[in-house]
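User: Please take a close look at a single part of this structure and describe it in connected prose. I am new to it, so explain each term when it comes up.

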Amino acid sequence: MEFQEEQQIQQVTLVAPIYNANHVRLGTFLGGPLIAGYFIAENYKVFGDYGKAKAAWIYAIAATIVIFGGVFLIPETAHIPNYVIPIAYCWIAYYLTQHFQGAQITAHATTGEGFFGWGRVVLISLIGLAVTIVFLAIAIIATDGLTS
């Protein structure tokens, strides 16, 4: 009897809210690819996949460098609307979340477990946007000093 109660208490403490694919999509659009990595990594932590959480961060950082580095390489003569690249990477993040975590997210929802609210998603996304802008400004200042 005591073992069952201990097991029940342990199950309750291991369960936490997660981010669904729509959270990842909106958060990525507002805050950039680093936020996608954050949301996906947090989900993996709740699912107990700590190695995948670390990998999500590595991929998010690499994607951020590639995306923002690539944006600076696009010639000004190319007439690409400003919103195309953010829409592309937010849909890619949505797809990757569905592909790699879809079954776990669905299972999480069917057990009656909760998801984080939209307010938290927007707040974290805006914080991520501020962090990304700071890093971009530092990178621009650093590279400007190298070219001068």
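Analyst: **The aromatic cluster and its surroundings**

One aromatic cluster is made up of Tyr19, Tyr38, Phe39, Trp57 and Phe116. Rings of Phe, Tyr and Trp (for Trp, its six-membered ring) are paired if their centres lie within 6.5 Å; planes under 30 degrees apart count as stacked, over 60 as edge-to-face and the rest as tilted.

The model is predicted, so local features need pLDDT of at least 70 and side-chain atom pairs count only at pLDDT 80 or more, while totals for chains, interfaces and linings use all residues. Residues are numbered from 1 along each chain as its sequence is written, and side-chain values use heavy atoms, with hydrogens and water left out.

The setting is a chain with six helices and zero strands, where helices (H or I, at least four residues) and strands (E, at least two) are DSSP runs numbered from the N terminus. Of its 148 residues, 28% count as buried; buried means under 20% relative accessible area, exposed over 50% and partly exposed in between, with a 1.4 Å probe and protein chains only.

Two cluster members, Phe39 and Phe116, are touched by His23, a residue of helix 2 (residues 21-31). Leaving out residues up to four places away in sequence, His23 also touches Ile18, Phe115, Trp118 and Val121; contact means heavy atoms within 4.5 Å. With a relative accessible area of 2%, His23 is buried.

Two other members, Tyr19 and Tyr38, are in contact with Arg120, again leaving aside neighbours within four places in sequence. Arg120 lies in helix 6 (residues 118-147) and counts as partly exposed, at 37% relative accessibility. Along the chain, Arg120 and His23 are 97 residues apart, yet their C-alpha atoms are separated by 9.6 Å.

Tyr38 and Trp57 also take part in the contact of helix 3 with helix 4. Helix 3 covers residues 33-47 and helix 4 residues 50-73, and the two pack at about 175° with their axes 8 Å apart. Axes are lines fitted to C-alpha atoms, for helices over the stretch in contact, and angles run from 0 to 180 degrees between N-to-C directions. The two helices are therefore roughly antiparallel; angles over 145 degrees count as such, under 35 as roughly parallel, 65 to 115 as roughly perpendicular and the rest as oblique. Helix 3 brings residues including Leu34, Ile40, Ala41 and Tyr44 to this contact, and helix 4 brings residues including Ala53, Ala60, Ile61 and Phe68. The contact residues divide into 14 nonpolar, two polar and two charged. Here Ala, Val, Leu, Ile, Met, Phe, Trp, Tyr, Cys and Pro count as nonpolar, Asp, Glu, Lys and Arg as charged, and the others, Gly among them, as polar.

Ile40, from that helix 3 contact, is also touched by Thr97. Thr97 is found in helix 5 and is buried, at 1% relative accessibility. Not counting residues up to four places away in sequence, its other contacts are Ala21, Val24, Gly102 and Ile105.

A search of the whole structure finds six aromatic pairs. One of them joins Trp91 and Tyr94, edge-to-face, at 5.4 Å centre to centre and 75° between the planes. Both residues lie in helix 5 (residues 84-110), three residues apart, about one turn of the helix. Trp91 counts as partly exposed, at 44% relative accessibility.
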